[in-house]
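Thanks for coming, everyone. I would like to walk you through one structure this morning, so please have a look at the sequence and the model as they come up on the screen.

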Amino acid sequence: MKGMAQYSAPVSVLAISLIAAAALTLLPTTAPAADERPFLPKTIVSSTVPENGDVNPYGVAIVPPGFPSGGTIAPGDVLVSNFNNSDNLQGTGTTIIKFTPSGPVSPAGQASEFFKGSFPGLTTALGVLKRGFVLVGSVSTADGKFATIKAGPLLFLDRNGNVISPSPFTTKLDGPWDLTIDDQFDNARVFVSNVLNGTVTRLDLAITSSTVTVKAATVIASGYTSQENDAALILGPTGLAYDPEDDVLFVASTADNTIFAVPQAGSRTGPSGRGGILFQDDHLRGPLALVFAPNGNLLTANGDAVNDDPTQPSEIVEFTRTGRFVRQFNVDAAEGGAFGIGLASVSNLVRFAFVNDNAVDLTVTDRKSPELPND
């Protein structure tokens, strides 16, 4: 036994040496490169101020996948409507700027214009149809004061920013303040909140590659509070988010400080009140824009005109469809900064865009995750 042990040991050492030598030949000749996975989020901040000096960015919309080529905007571009002019008079801005996240950041006064028109006070009623059209609402003033406020039309623009028929559209609208689109390509349902009379209108559209036709206009909800406000000019129903599977329209009513749910929104033939209360707690401080997150939750922007809290300014709030608060984060250190929100899938990414009225800029961030976290 002793002899065998003395014999076997050298064999084992030899085998180990051979294995080690073979392994060394497989190792790289240089040290491993540092981990190149990024830590920094893919986020861009760019000014929304064009050459004419318009300020107070309101609506945000992202050009969807499949949007036709040949125009001045392309899928993934972000559009922002301006409500004020260079003198910061409310209801007098006339421009929609465009921002391409893969392009350069725009300094103040150099944001690229997609549209500049003769209807002032472009609101957060901003949306894009897959067929190649852009919609925007107008609520104007002569001097930035509530005493001269006037309901403007809903404008239809082609992909080059030209106004097309049926513009200007005003049937059953009274101050188009925000909108959301259920887009089926050749047809669409557009829900529009009316800030002056506290209602919501549904527009049923027929769409071709070159035309948009409004087949019907129906007021489907009413009774939301509409009132003058020193800081915000006017408060009324604002953000809208539509769930086509359950046929429910969610409405952010700013003055009521409440998120409502309107059933049968896509099929009802007349108004039946404000809908049921979905979300109403101290996390709301004058909700404005409203969108669905990829995880099914809702996001709203607090404008701080109602139930304001200087320790929680300019918040974007996330809550579930059952009315449970999830999370919030602030857009600015001062109140009144949060307004428009845009969210869309772009090239397997989730693109999230929002404006800051105080800083007069746009933030765009992309995520690879198909869902936003709830933790």
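Let me begin with the second largest pocket of this predicted model, where β2, β15, which covers residues 233-235, and β24 each supply at least two residues of the lining. The space in this second largest pocket comes to about 350 Å³, and of the 21 residues that line it, those nearest its centre are A231, A232, G303, G336 and D357. If we sort that lining by class, we find 10 nonpolar, nine polar and two charged residues.

Now to the largest pocket, whose volume is about 1000 Å³. Its lining is made up of 36 residues, and the closest to the centre are T180, I181, V291, L343 and A344. Two or more lining residues come from each of several elements, and here we meet β2 (55-62) and β24 (338-346) again, together with β6 (122-129), β10 (176-183), β16 (237-243) and β20 (287-292). By class, this lining holds 22 nonpolar, eight polar and six charged residues.

Since β2 has come up for both pockets, which strands share an open sheet with β2? It is a sheet of four strands, in the order β2-β3-β4-β5, and the pairing is antiparallel. The edges are formed by β2 and by β5, residues 112-116, each of which pairs on one side only, and from one strand to the next the twist averages 30 degrees. Within this sheet, β3 (residues 78-84) and β4 (residues 95-99) run antiparallel and are joined by four bridges, and S81 has I96 in β4 as its bridge partner.

Conventions: Residues are numbered from 1 along each chain as its sequence is written. This is a predicted model: local features need pLDDT of at least 70, side-chain atom pairs count only at pLDDT 80 or more; totals for chains, interfaces and linings use all residues. Side-chain values use heavy atoms; hydrogens and water are left out. On a 1 Å grid over the protein atoms alone, a cavity is a set of points where a 1.4 Å probe fits but cannot get out, and a pocket is an open set with protein on both sides within 12 Å along at least five of seven lines; lining residues have an atom within 4 Å of a point. Grid points are joined across faces, edges and corners, and a volume is the space filled by probe spheres set on the points. Ala, Val, Leu, Ile, Met, Phe, Trp, Tyr, Cys and Pro count as nonpolar, Asp, Glu, Lys and Arg as charged, and the others, Gly among them, as polar. Two strands pair if DSSP finds at least two bridges between them. Axes are lines fitted to C-alpha atoms, for helices over the stretch in contact, and angles run from 0 to 180 degrees between N-to-C directions.
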